[in-house]
Amino acid sequence: MPVVWSEAEPQSLSCDLLLVRSVWDYHLRPQDFMHWIDCMSERIPVVNPPGMIRWNMDKRYLREIARAGFDVPRTIFLDQGMDADLEEVMERGGIGRAVVKPVVSASAYETRRIVEVAAQDNEWLNAMLKDRPMIVQEFITEIQSAGEWSLIFAGMKFTHAVRKAPKPGDFRVQEEHGGLHTLASPPPEALTMALKIMERFAPDAAYSRVDIVMRNDQPTLMELELIEPLLHFEMAPQAAEVLAEKLAKAYR
């Protein structure tokens with residue numbers, strides 16, 4: 001049965017397994033959400049596991065993946081409460097154009113593309129830093145020209161891929177921002193990277209989505225999504241069946 005996490009008390013729920021799926025709002029109340037997940041996990045199995053969800057919610061996990069030798073965009077993390085000069089931060093990171101967003105975010109929430117730093121950009125950034133840590137990331141221009149690949153897995157089994165392209169003049173690939181999504185076969189290099197990252201960082205994930213952009217025919221990781229509401233099952237219904245079968249075998 002479907003459960004809305006923000007409306008259900010953990011002690012009131014009775015089930016054999018909790019599959020975390022369409023939580024579109026977890027980034028708005030991350031501490032409350034993790035508290036709810038932890039309370040649920042004391043009573044029943046939670047998928048993906050709470051430790052994996054906690055690690056993946058915070059985009060600082062990208063530092064760990066980069067240190068393992070995988071290509072990610074140049075990135076600087078800014079701590080909550082600090083004062084930042086965005087132009088200095090970008091210069092220090094060797095970042096010409098940037099995407100700035102919260103460390104815990106989803107669906108392009110409070111995400112801005114910075115081409116030239118204006119006074120209002122600094123004001124916005126420092127206002128955001130009062131309440132949360134932020135990320136300043138190199139803007140990958142290939143997203144506009146070639147799009148982004150989302151590779152979906154059930155366990156370690158690759159099920160399908162979707163190519164996402166932003167609408168003309170935009171950089172966001174989400175459908176609510178006008179992005180176009182197409183079922184397609186991913187570049188072999190993207191699939192190879194995705195599998196290696198999964199094997200290294202999420203071999204026990206029940207489901208995952210690996211977002212990759214191709215740059216000069218080589219893959220760059222944008223996100224490893226282990227708490228992702230959009231797995232594009234509407235484009236590949238058989239993938240949902242594969243996930244259901246794996247969960248049934250694992251938790252029967």
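In the predicted model, Glu 138 has a relative accessibility of 9% and therefore counts as buried, the cut-off being under 20%. This residue belongs to strand 6, which comprises residues 134–138. When neighbours within four places in sequence are left aside, the contacts of Glu 138 are with Pro 73, Arg 74, Ile 95, Arg 97 and Arg 215.

A second buried position is provided by Met 198, for which the relative accessible area is 0%. Met 198 is located in helix 7, formed by residues 188–201. Although Met 198 and Met 156 are 42 residues apart along the chain, their C-alpha atoms are separated by 7.2 Å. Met 156 is also among the residues that Met 198 touches once those up to four places away in sequence are not counted, the others being Phe 153, Gly 155, Pro 203, Ala 205, Ser 208, Val 210 and Leu 224.

Helix 1 was examined for its length and for the distribution of its buried residues. The helix consists of 12 residues, 30–41, which at 1.5 Å a residue should span 16 Å, and the separation of 16 Å between its end C-alpha atoms agrees with this expectation. Within helix 1, the residues Phe 33, Met 34, Trp 36, Ile 37 and Met 40 are buried. These residues cover an arc of only 155° around the axis, and therefore lie on the same side of helix 1. Such an arrangement can be read against the geometry of the α-helix, in which there are 3.6 residues a turn, so that residues three or four places apart point the same way. Gln 31 and His 35, by contrast, are exposed on the other side of helix 1. The elements covering the buried residues of helix 1 include strand 1 (18–19), strand 2 (46–47) and helix 2 (50–57).

Internal space was also considered, and a search of the whole structure identified 2 cavities of 30 Å³ or more. The second largest cavity holds about 40 Å³ of space, and its lining is made up of Tyr 26, Asn 56, Met 57, Lys 59, Tyr 61, Ser 105, Glu 223, Leu 224, Glu 225 and Ile 227. At least two residues of this lining are supplied by each of helix 2 and strand 11 (218–225), and strand 11 gives the most, with 3 residues. By residue class, the lining of the second largest cavity divides into 5 nonpolar, 2 polar and 3 charged residues. Leu 224, one of the lining residues of this cavity, is also touched by Met 198.

Terms used: Residues are numbered from 1 along each chain as its sequence is written. This is a predicted model: local features need pLDDT of at least 70, side-chain atom pairs count only at pLDDT 80 or more; totals for chains, interfaces and linings use all residues. Side-chain values use heavy atoms; hydrogens and water are left out. Helices (H or I, at least four residues) and strands (E, at least two) are DSSP runs, numbered from the N terminus. The expected span of a helix is 1.5 Å times one less than its number of residues. Buried means under 20% relative accessible area, exposed over 50%, partly exposed in between (1.4 Å probe, protein chains only). The arc is that of the directions from the helix axis to the C-beta atoms. Contact means heavy atoms within 4.5 Å. On a 1 Å grid over the protein atoms alone, a cavity is a set of points where a 1.4 Å probe fits but cannot get out, and a pocket is an open set with protein on both sides within 12 Å along at least five of seven lines; lining residues have an atom within 4 Å of a point. Grid points are joined across faces, edges and corners, and a volume is the space filled by probe spheres set on the points. Ala, Val, Leu, Ile, Met, Phe, Trp, Tyr, Cys and Pro count as nonpolar, Asp, Glu, Lys and Arg as charged, and the others, Gly among them, as polar.
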